[in-house]
Amino acid sequence: MYNNMRQEEERNQTNHVRYVQIVVFRLGDEEYALNIDQIKEVVITPSITRVPQKPSFIKGVANIRGNIIAMLDLEEKFGLRKTIDEHAGNNFTLVIDSAEYKMGVLVKEVPNTLSIAESSIEEITLAGDSGIEQSYIKGIVKLEKRLIIMIDIFKVLSQYEEQQVFKKQTALV
Amino acid sequence: MSTKEEEYRDIFLTEAIENFNEINRLLIVLEKNPEDIKSVHALFRITHTLKGNATGMGFEHIAELAHVLEDLFGAVREGKVIISSEMFVSVYKAADILNELIDAVKNPREVKYRGIKTKLEVMLRSALAERSQSIDETVPAASGYENAIAPELLDMLQNDDEDHIDTATKLSFSHLVQVPVQKLDNLLNLVGELVIERDRIIASGMHSASEYSRLNRISSDLQYSVMDVRLVPVDFLFNKFHRIVRDAASKEEKNVSLKLKGTETEIDRNILQVISDSLIHLVRNAIGHGIEKPEARKQSGKPEYGTVTLEASSESDIVIIAIQDDGGGIDAARIRKRAVEKGILTLADASQWSDRDIIMLIFEPGFSTMDEVTSLAGRGVGMDVVKRALDSIGGTVHIETKVGEGTTFFLRLPSSMAVKATLLFELDNETFAIPLSYTERVISVYKSDIHTVANGLITVYQGRTISLIFLNDLFRQERSSMATLERFHPEAKLEIVVVSFNGRLVGFIVDKLLQQKEIIEKPLQKPADGVSFISGVTILGNGKVCLVLSIPGILNTVNHTQHNKISL
């Protein structure tokens with residue numbers, strides 16, 4: 001915390017503010033955001049083919065411009081779904097393309113982009129949490145009345161994979 | 001000359017020209033820095049390879065000259081000889097003549113090479129002698145090499161020199177191109193997408209199908225051409241086994257000779273790569289477990305030398321590789337005993353299983369019949385790896401063995417990884433593909449002919465019992481098959497796809513059979529990967545993603561759950 005503040009001060013002193021672009025979308029009642037660098041494009045959600053043996057937050061695979069990618073439902077992953085209604089209009093897909101992962105994140109509404117000062121991302125420590133489920137939260141952005149949760153999508157997945165490995169190990173024992 | 005031989009000759013020439021260029025490059029490096037031991041090592045290796053390749057192809061002249069160079073670099077490598085600048089001149093000349101000899105394979109003509117060969121030999125000999133003299137002065141001095149060369153040889157040298165002045169500077173080009181496999185993979189992917197796109201356009205039905213006949217033909221020709229490029233003859237792999245067999249046999253103190261058959265059979269390069277470790281394992285096993293020690297062989301009236309045969313043959317779009325040994329065979333009784341000891345089978349099961357099923361147990365993880373562990377085989381790892389490698393490319397294995405006479409492993413492999421003949425069917429409004437290589441037949445059965453046995457479903461078709469599975473029950477791992485069956489009308493007729501895997505028949509109950517289709521399969525990528533029931537996906541003409549079932553993956557799971565049920 002102290003470090004952050006100092007960095008902020010330094011930046012203000014040099015009068016040189018770095019901006020980052022983020023893509024904001026709604027999950028449950030909250031606003032979440034990804035760094036724009038992680039997103040390749042936004043498309044209308046194509047039809048999804050279910051894949052067995054996968055956790056329920058991986059909805060299946062879909063064909064996006066000839067690439068077959070996994071479709072992720074983060075509301076389900078984060079436990080934010082309030083109604084049981086399955087396909088309550090996950091109309092848009094954020095396509096994420098990295099060397100390791102190719103996937104789509106399902107969202108309900110058209111996401112919008114925002115430009116924020118890098119320094120306005122606040123690191124947070126969640127109270128009373130065992131610490132497992134928060135490493136993918138990069139920070140909180142406070143804008144007037146809005147509160148946006150920045151997440152690192154790759155951390156979400158690496159966590160899931162670690163659990164897979166762990167499961168396999170315990171299954172062997 | 002057959003086209004096959006021509007193709008091999010071309011491959012040899014490409015490699016030889018490459019070798020020649022590399023020799024030149026290394027010589028220049030070495031000339032600038034005679035201390036550079038790395039270059040000497042490389043030169044030795046290259047000349048050795050060139051000699052081997054040339055001998056294999058029957059180009060004795062190239063082999064002879066390469067052999068002398070190999071000896072020379074061998075001596076330099078061991079520090080017995082230091083190449084003088086004078087010697088470099090001759091070595092360069094030898095390299096040039098080597099190039100001419102290589103060129104002469106393409107454009108037959110006479111190239112004189114004996115002169116330079118003899119000169120190098122003499123130089124090497126005298127250099128070696130000089131050295132031993134400097135170490136041990138009592139050895140009578142050998143005179144300079146010039147004196148040792150007979151006058152007529154000098155004449156020959158002279159002639160050689162005059163002959164090749166005009167040809168030495170000609171650059172040779174091979175008419176083969178070497179391409180990284182990665183590029184071929186890309187090309188194949190693109191062709192795959194093209195074919196999918198073609199199907200999509202045809203399926204959309206804007207014009208009549210005949211409108212597209214040319215597009216159809218061109219795209220499938222293109223597809224098969226690209227697949228053809230990826231095919232390599234199996235002897236690329238088989239030839240490496242001479243050494244493997246020799247090393248394994250000497251370690252085990254056994255006498256083994258290797259026979260290769262059907263080496264011209266062609267197979268996709270990637271498949272060859274996937275199974276190469278498995279082949280090594282099977283061959284080592286054949287030597288370690290199969291072939292007996294020489295004394296034991298003599299006692300049972302067999303020739304002292306055991307034989308391991310690698311044979312490849314093709315059957316439409318399948319390649320069969322057989323690994324045969326004339327050793328002791330696999331004793332089913334011993335495996336049965338072992339399986340009971342290890343708790344893999346109950347005594348009752350063990351006595352009921354057929355010898356064939358029992359022998360397949362050697363592919364179970366952690367199973368080994370050898371009591372002592374040798375460095376080659378018998379650690380109980382490996383055979384399951386062989387099976388997994390085969391499963392991953394849609395291949396199968398079966399064993400024929402006779403105690404005292406030997407064992408043959410038959411590997412059935414797809415000749416190409418790209419295109420899979422599949423059967424499409426529909427289940428809960430989703431389309432699945434099932435590889436035809438596993439599909440036995442398609443039957444329809446009245447609900448009344450399906451019986452419930454210990455929580456599972458079976459039916460009898462033409463005297464054979466087939467266990468039935470609802471795929472969605474398996475995928476969701478919740479509902480029981482009985483409950484699912486209850487939902488059908490009592491007089492309903494059910495469509496069943498019967499698959500066979502390692503001699504077992506299993507039927508999948510499907511909603512609707514669609515069509516047979518050749519598909520281009522793509523692997524699932526992270527984070528959707530690691531699904532054992534699905535081997536990959538393909539895109540259908542309507543743009544939807546279709547899952548391709550992995551029969552080994554599904555049946556292994558089914559068998560395991562059955563095992564568990566029994567043991568519980």
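Modeller: Two strands count as paired once DSSP finds at least two bridges between them. Strands (E, at least two residues) and helices (H or I, at least four) are DSSP runs, numbered from the N terminus. One caution before we start: this is a predicted model, where local features need pLDDT of at least 70 and side-chain atom pairs count only at pLDDT 80 or more, while totals for chains, interfaces and linings use all residues. Residues are numbered from 1 along each chain as its sequence is written, and chains are lettered from A and ligands numbered from 1 in the order in which they are written.

Colleague: Okay, show me a pair. Which way do β13 and β15 of chain B run, and how many bridges join them?

Modeller: β13(B), residues 464-470, and β15(B), residues 504-510, run parallel and are joined by 4 bridges. For one residue pair, find F470(B): its bridge partner in β15(B) is I509(B).

Colleague: What is the strand order in the sheet of chain B?

Modeller: Read across the sheet, not along the sequence. The order is β10-β14-β15-β13-β12-β11 in chain B, an open sheet of 6 strands with mixed pairing. β10 (439-446) and β11 (451-453) of chain B have a single partner strand each and stand at the edges, so one side of each has no neighbour in the sheet. From one strand to the next, the twist averages 40°, taken between lines fitted to C-alpha atoms, with angles from 0 to 180 degrees between N-to-C directions (for helices, the fit covers the stretch in contact).

Colleague: Now chain A. How do β1 and β2 of chain A run?

Modeller: Antiparallel: 6 bridges join β1(A), residues 19-27, to β2(A), residues 30-35. R26(A) stands opposite E31(A) of β2(A). The hairpin leaves 2 residues between the strands, and G28(A) there has a positive phi near 60°. On to another partner of β2(A): 3 bridges join β2(A) to β11(A), residues 146-151, and these two run parallel. There, E31(A) has I148(A) as its bridge partner.

Colleague: Which residue other than glycine in the loop between β12 and β13 of chain B has a positive phi?

Modeller: Q462(B), with phi near 45°; its loop joins β12 (456-461) and β13 of chain B. Chain A offers E144(A), a residue that is not a glycine but has a positive phi of about 45°, in the loop between β10 (137-143) and β11 of chain A.

Colleague: Is E144(A) buried or exposed?

Modeller: Count other C-beta atoms, placed from the backbone, within 10 Å of the residue's own: 20 or more is buried, 12 or fewer exposed, anything in between partly exposed. E144(A) has 5, so it is exposed. Q462(B) has 7 such neighbours and counts as exposed. L279(B) has 23, so it counts as buried, and you'll find L279(B) in helix α12(B), residues 269-290.

Colleague: At what angle do α11 and α12 of chain B pack?

Modeller: About 35°, with the axes of α11(B), residues 241-252, and α12(B) 10 Å apart. The crossing is right-handed, meaning the near helix is turned clockwise from the far one by less than a right angle (anticlockwise would be left-handed). Residues are in contact when their C-beta atoms, placed from the backbone, lie within 7 Å. Among those making this contact are F241(B) and I244(B) of α11(B), and I280(B) and V283(B) of α12(B). By class there are 8 nonpolar, 1 polar and 2 charged residues, where Ala, Val, Leu, Ile, Met, Phe, Trp, Tyr, Cys and Pro are nonpolar, Asp, Glu, Lys and Arg charged, and the others, Gly among them, polar.

Colleague: And how do α2 and α3 of chain B cross?

Modeller: The axes of α2(B), residues 37-57, and α3(B), residues 60-77, come within 8 Å and cross at roughly 155°. The two are therefore roughly antiparallel (over 145 degrees; under 35 is roughly parallel, 65 to 115 roughly perpendicular, the rest oblique). Their crossing is left-handed. The contact includes F44(B) from α2(B) and F73(B) from α3(B), and has 11 nonpolar, 6 polar and 3 charged residues.

Colleague: How many residues does each chain put into the contact between A and B?

Modeller: Chain B gives 19 and chain A gives 20. On the chain B side, β17 (534-539) and β18 (545-549) each supply at least two residues, and β17(B) gives the most, with 3. That side has 11 nonpolar, 3 polar and 5 charged residues.

Notes
Two residues are in contact if their C-beta atoms, placed from the backbone, lie within 7 Å.
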